[in-house]
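Please work through the exercises below with the sequence and the model side by side. Each task is followed by a solution that goes step by step.

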Amino acid sequence: MPRKPHHEKTINLALQGGGAHGAFTWGVLDRLFEDDRLWVTGVSGTSAGAMNAVVMAQGMAENSAAGARQALYRFWEAVSAAGQRSPLQRNPINILFGDWTLDNSPAYMMFDMMNRFASPYDLNPLNINPLRELVGELVDFSKVRQCFETDLFISATNVETGRVRVFHREEMTLDVVMASACLPQMFQAVEIDGEPYWDGGYMGNPVLFPFYELPGAHDTVVVQINPVFRPGVPKTAREIQNRVNEITFNSSLMKELRTIDFVTRMVEEGRLQRCHMQPMHVHMIEARKKMRPLGVSSKLNTEWRFLTHLRDIGRDAADKWLAKHYNDIGKRTTMDVRGLFGGLTVEELEDRNEHLEAGGQTNQAGPE
């Protein structure tokens, strides 16, 4: 895929995981590729972010930016079609009140309860995974490996060592993507080269350090799905579990952002030569006020209306980010990495201050 003259700037993309919420990332990518002024040097992805990454790479190999947009649309359309056969559907009451969660779905409640007492080795001894079949049908990994102009980095967590393993573009296979999306409560560990792997989100959601090795692009755009800041203390068991998941799947990203800040300070203060390590400008595309009310169960909601709703939120977030920060690419970081709540965007810090000024009332998850 030759670089086009109208590509004005270069970026890396870091795509978080989050189940069906990955449709938000679909929208972000759709808007960025529609604009097509940005050259994507590298993409790091985890779980749903990994799926978006390989689908995007295949599309780019086929027909550049237009191909990426088409491939992503086909993928999420197929996800929705496959989900229609699932017993995990919204309760009529949730539909009536415009609530995207599956909290009141009998199938989801049974599924959630059984996962607390039995493992996928007990509940699914044949290791049947419809998502694996879907990805295998839609993604031609030979084309993904041939997307030479964009590097891919997909992370998975080694079950035995607890360390992250980053798979590169030339290593991309169906097993790699499924390992990156392997939640241990739902699926059996995926074995690669004799090693068992779980979801990459535990140790890299997504990883950023591979971008230091890439020439040409010193700006990384994180597409964030899981909120960093959530006002108030969760009170119900479901709210607590939801918040625990958010903290867990953001922790590795926060650590890497602090490391990037440390390296940048060292370079700025002259204690680290630029020839050895280049400073990285970090940006974030997110829609915290629209994504935060979505409960964890909605990550299993694959209704087409919901997926396109998330896509439209992502497109709008990317559009606003381009309008506000496009000129900052190549010049400066637009995240407050050094803030007290390291890794929050300026908007999130303002959101926190608004919450405190309002008396610190809990912002509970509600309907759409």
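The exercises go from the whole chain to helix packing and then to single residues.

The model is predicted, so that local features need pLDDT of at least 70 and side-chain atom pairs count only at pLDDT 80 or more, while totals for chains, interfaces and linings use all residues. Residues are numbered from 1 along each chain as its sequence is written, and side-chain values use heavy atoms, with hydrogens and water left out.

**Exercise 1. The whole chain**

Determine how many helices and strands the protein has, and what percentage of its residues count as buried.

Solution. Begin with the DSSP runs, numbered from the N terminus, where a helix is a run of H or I with at least four residues and a strand a run of E with at least two; the protein has 12 helices and 10 strands. Next take accessibility, where buried means under 20% relative accessible area, exposed over 50% and partly exposed in between, with a 1.4 Å probe and protein chains only; of the 368 residues, 54% are buried. Finally turn to contacts, meaning heavy atoms within 4.5 Å: among those with a separation of 6 or more, 76% are between residues 24 or more positions apart.

**Exercise 2. Helix α11 and its surroundings**

Check the span of helix α11 against its number of residues, and find which elements its buried residues pack against.

Solution. The expected span is 1.5 Å times one less than the number of residues. Helix α11 covers residues 304-325, and its 22 residues should therefore span 32 Å, which agrees with the 31 Å between its end C-alpha atoms. The buried residues of α11 include F306, L310, I313, A317 and W321. Packed against the buried residues of α11 are the helices α1 (22-35), α2 and α10 (288-291), together with the strands β2 (38-45), β7 (219-223) and β8 (281-285).

**Exercise 3. Three helix crossings**

Describe how α1 crosses α11, how α2 crosses α11, and how α2 crosses α6.

Solution. Axes are lines fitted to C-alpha atoms, for helices over the stretch in contact, and angles between N-to-C directions run from 0 to 180 degrees. Angles under 35 degrees count as roughly parallel, over 145 as roughly antiparallel, 65 to 115 as roughly perpendicular and the rest as oblique. A crossing is right-handed if the near helix is turned clockwise from the far one by less than a right angle, and left-handed if anticlockwise. For residue classes, Ala, Val, Leu, Ile, Met, Phe, Trp, Tyr, Cys and Pro count as nonpolar, Asp, Glu, Lys and Arg as charged, and the others, Gly among them, as polar.

- The axes of α1 and α11 come within 6 Å and cross at roughly 45 degrees, so the two helices are oblique to each other, and their crossing is right-handed. Residues including F24, W26 and R31 of α1 meet residues including L307, R311 and L322 of α11. The residues of this contact divide into 12 nonpolar, two polar and seven charged.
- The axes of α2 and α11 come within 9 Å at a crossing angle of roughly 150 degrees, and this crossing is right-handed. The contact is made by R69, Y73, W76, E77, V79 and S80 of α2 with W304, L307, R311 and R315 of α11. Five of the residues in the contact of α2 with α11 are nonpolar, one is polar and four are charged.
- The axes of α2 (residues 48-83) and α6 (residues 130-138) come within 10 Å and cross at roughly 150 degrees, so that α2 and α6 are roughly antiparallel. The crossing of α2 and α6 is right-handed. M51, Q58, R74, F75, A78 and V79 of α2 make the contact with L131, L134, V135 and L138 of α6. Here the division is eight nonpolar, one polar and one charged.

**Exercise 4. Backbone exceptions**

Which residues are joined by a cis peptide bond, and where do N127 and D193 lie?

Solution. Most residues other than glycine have a negative phi, and most peptide bonds are trans. A cis bond joins N205 and P206, with omega about -5 degrees, and P206 lies in the loop between β6 (195-199) and β7. N127 has a positive phi, near 60 degrees; N127 lies in the loop between α5 (120-123) and α6 and is partly exposed at 36% relative accessibility. D193 also has a positive phi, near 55 degrees; its place is the loop between β5 (190-192) and β6, and at 64% relative accessibility D193 is exposed.
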